[in-house]
Structures are given as C-alpha cells and as structure tokens.
Amino acid sequence: MIKRPFFRLAPSLAALAFATLVLPAGAEPAAAKLVADKSQIVFVSKQMGVPVEGTFKKFDAQVAFDPKKPEGGTVALQIDTASAGFGVPMSDAELPKQPWFDAAHFPQASFQSSAIKALGDGKFEMAGKLTIKGIAKYVTVPVSIAAAGGKEAVATGSFTIQRLDYKVGEGEWTDTSTVGNDVQVRFRFTLTGFGPL
C-alpha cells in the first residue's frame, strides 16, 4: 500500500496538548472569556523530517484565574477534533478519520488543569490532564501572560507531546520514519475580563 504524504495525513496531537497551556488559571474570580477570533492553536509535525504546520479551528475554554493567586485557579479546554486541518482539502478530509483523530467516536479533545504555579514576570506553569481519543495523560505546560490593552490579556506557550501516546496515526502510520512521533503545540489565547497582572 502506497503511503500518502504525511503533510496530508499526520495530525499533530500537539495541537491538543497545546490547548492545555493556553489559559492560566487562578483562584475563583470572575471568569475570563476566550476571544475566539483572536486566539489560535497550532500543531507542528514532521513528514520525512520536514516540519508541517496545522491548526484547530474550533475550541473553547473556561478560565477562572487570579494572576495574583493562581494556585486556586482552574482552566478547562475543549477542542473540536474534526476542525483539525493543514489547509489542504485532501489531508483535511483524512484527519477526522479513525487512524488519526477518529472524530466520529472522539469528537473532542480536552484539557483540565489540576495545579497552576506562578514563576514570576508573567510566567506560569500549568499541570493537568490532556485527553485525546479517550486516552488521558498528565502534562505540564509553561505559559506566559501579558496585557494586551483594555481588558484583554494574551496567554502564549508551547510544548511537545508524542502522538503515539494518544494513538494518533494508527496502523501503517505508527512508522515514525514517515511521520514523526513528536508534535509541537503552540498557542496564543486572547482573554477578556482577566484580572490585573
């Protein structure tokens, strides 16, 4: 069986994991809201050693975070797995299928924070459970938060996961010489109603 190019088929779990970092959680102040049209989740995988970038177009988050008391905060993120894409129609049609995200059985990937720690200078470390295709793993993600004018703040970060830990790319696609196992997740979340930094 001839394998199709990775850039068309290999979804990056990283994107999901990426979501996990996105929002800094804190005590239980007024909940911040995600500004979807100013937010982004990107995942980067390698096909035959060449980086290929994709995005998730649909996701939502619930954030209760006081930057001054982050230990009491919570962050929850949901990602529509069928919204993953590389911007190439043929590959975008493959990503929701069973070997990859299997969106019919697992329509959402999620992240739920369990601990948030302030590192100083607007930097935080978030730990929590990332679930993809029904498989849950604990991840720790570094997050930077900065004021963006008005009542908005921007949370950014990146981290790496292994797609095979979540069975993303099954069967012939477990061959990591064709599609790399590491997936980098990068995110930029704009939040409104966020407390002062």
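# Pairs, Bridges and Buried Residues

User: Which residue in S9 is the bridge partner of alanine 127?

Analyst: In this predicted model, alanine 127 has threonine 140 in S9 as its bridge partner.

User: What makes S8 and S9 count as paired strands?

Analyst: Pairing requires at least two bridges. S8 (residues 123-132) and S9 (residues 135-147) are joined by ten bridges in the antiparallel sense, so the criterion of at least two is met. The two strands form a hairpin with two residues between them, and lysine 133 in the turn has a positive phi of about 55°.

User: How do you know that S7 and S8 pair as well, and what is found at their turn?

Analyst: Nine bridges run between S7 and S8 in the antiparallel sense, and because the requirement is at least two, the strands are paired. Glycine 120 stands opposite lysine 123 in S8. This hairpin has two residues between the strands, and aspartate 121 takes a positive phi near 55°.

User: Why are arginine 186 and glutamate 53 said to meet in a salt bridge?

Analyst: The cut-off is 4 Å between a side-chain nitrogen of Lys or Arg and a carboxyl oxygen of Asp or Glu. For arginine 186 and glutamate 53 the N to O distance is 2.9 Å, so the pair qualifies. The two residues lie in distant parts of the chain, 133 residues apart: arginine 186 is in strand S11 and glutamate 53 in strand S3 (residues 50-56).

User: Are these two residues buried, exposed or partly exposed, and how do you know?

Analyst: Partly exposed covers the range between the limits of 20% and 50%. Arginine 186 has a relative accessible area of 33% and glutamate 53 one of 44%; both values fall in that range, so both residues are partly exposed.

User: How many salt bridges does the structure hold, and what makes lysine 97 with glutamate 94 one of them?

Analyst: There are five salt bridges. Lysine 97 and glutamate 94 are at 3.4 Å, N to O, so they satisfy the 4 Å limit. Lysine 97 is partly exposed at 42%, whereas glutamate 94, at 12%, counts as buried because its value is under 20%. Another salt bridge joins lysine 117 and glutamate 125 at 3.6 Å. In that pair both residues are partly exposed, with 44% for lysine 117 and 31% for glutamate 125.

User: How many aromatic pairs are there, and why is the pair of phenylalanine 43 and phenylalanine 56 called tilted?

Analyst: The structure holds seven aromatic pairs. The rings of phenylalanine 43 and phenylalanine 56 are 5.0 Å centre to centre, within the 6.5 Å limit, so they count as a pair. Their planes are 50° apart, which is neither under 30 nor over 60 degrees, and the pair is therefore tilted. Phenylalanine 43 is in strand S2 (residues 40-47) and phenylalanine 56 in strand S3, 13 residues apart. Phenylalanine 43 is buried at 0%, and phenylalanine 56 is buried at 3%.

User: What arrangement do the rings of phenylalanine 43 and phenylalanine 86 have, and how do you know?

Analyst: The centres of phenylalanine 43 and phenylalanine 86 are 5.5 Å apart and the planes stand at 70°, which is over 60 degrees, so the pair is edge-to-face. Phenylalanine 86 lies in the loop between strand S6 and helix H3, so the pair ties S2 to a part of the chain 43 residues away in sequence. Phenylalanine 86 is buried, at 13%. Phe43, Phe56, Phe86 and Phe101 form one aromatic cluster.

User: How do you know whether threonine 190 is buried or exposed?

Analyst: Its relative accessibility is 3%, and because this is under 20%, threonine 190 counts as buried. Threonine 190 lies in strand S11, and its side chain reaches the backbone oxygen of lysine 38 at 2.9 Å. Beyond residues up to four places away in sequence, threonine 190 also touches others, including Leu34, Ser39 and Val154.

User: Which residues have the most contacts inside the largest nonpolar core, and which strand gives the core its largest share?

Analyst: Ile132, Ile145 and Phe189 have the most contacts inside this core of 43 residues. The largest share, five residues, comes from strand S11 (residues 182-192).

Conventions:
Residues are numbered from 1 along each chain as its sequence is written. This is a predicted model: local features need pLDDT of at least 70, side-chain atom pairs count only at pLDDT 80 or more; totals for chains, interfaces and linings use all residues. Side-chain values use heavy atoms; hydrogens and water are left out. A nonpolar core is a set of buried Ala, Val, Leu, Ile, Met, Phe, Trp, Tyr and Cys residues joined through side-chain atoms within 4.5 Å. Buried means under 20% relative accessible area, exposed over 50%, partly exposed in between (1.4 Å probe, protein chains only). Helices (H or I, at least four residues) and strands (E, at least two) are DSSP runs, numbered from the N terminus. Rings of Phe, Tyr and Trp (its six-membered ring) pair if their centres lie within 6.5 Å; planes under 30 degrees apart count as stacked, over 60 as edge-to-face and the rest as tilted. A polar contact is a pair of N or O atoms within 3.5 Å; within protein, one must be able to donate a hydrogen and the other to accept it, and residues adjacent in sequence count only if both atoms are side-chain atoms. Contact means heavy atoms within 4.5 Å.
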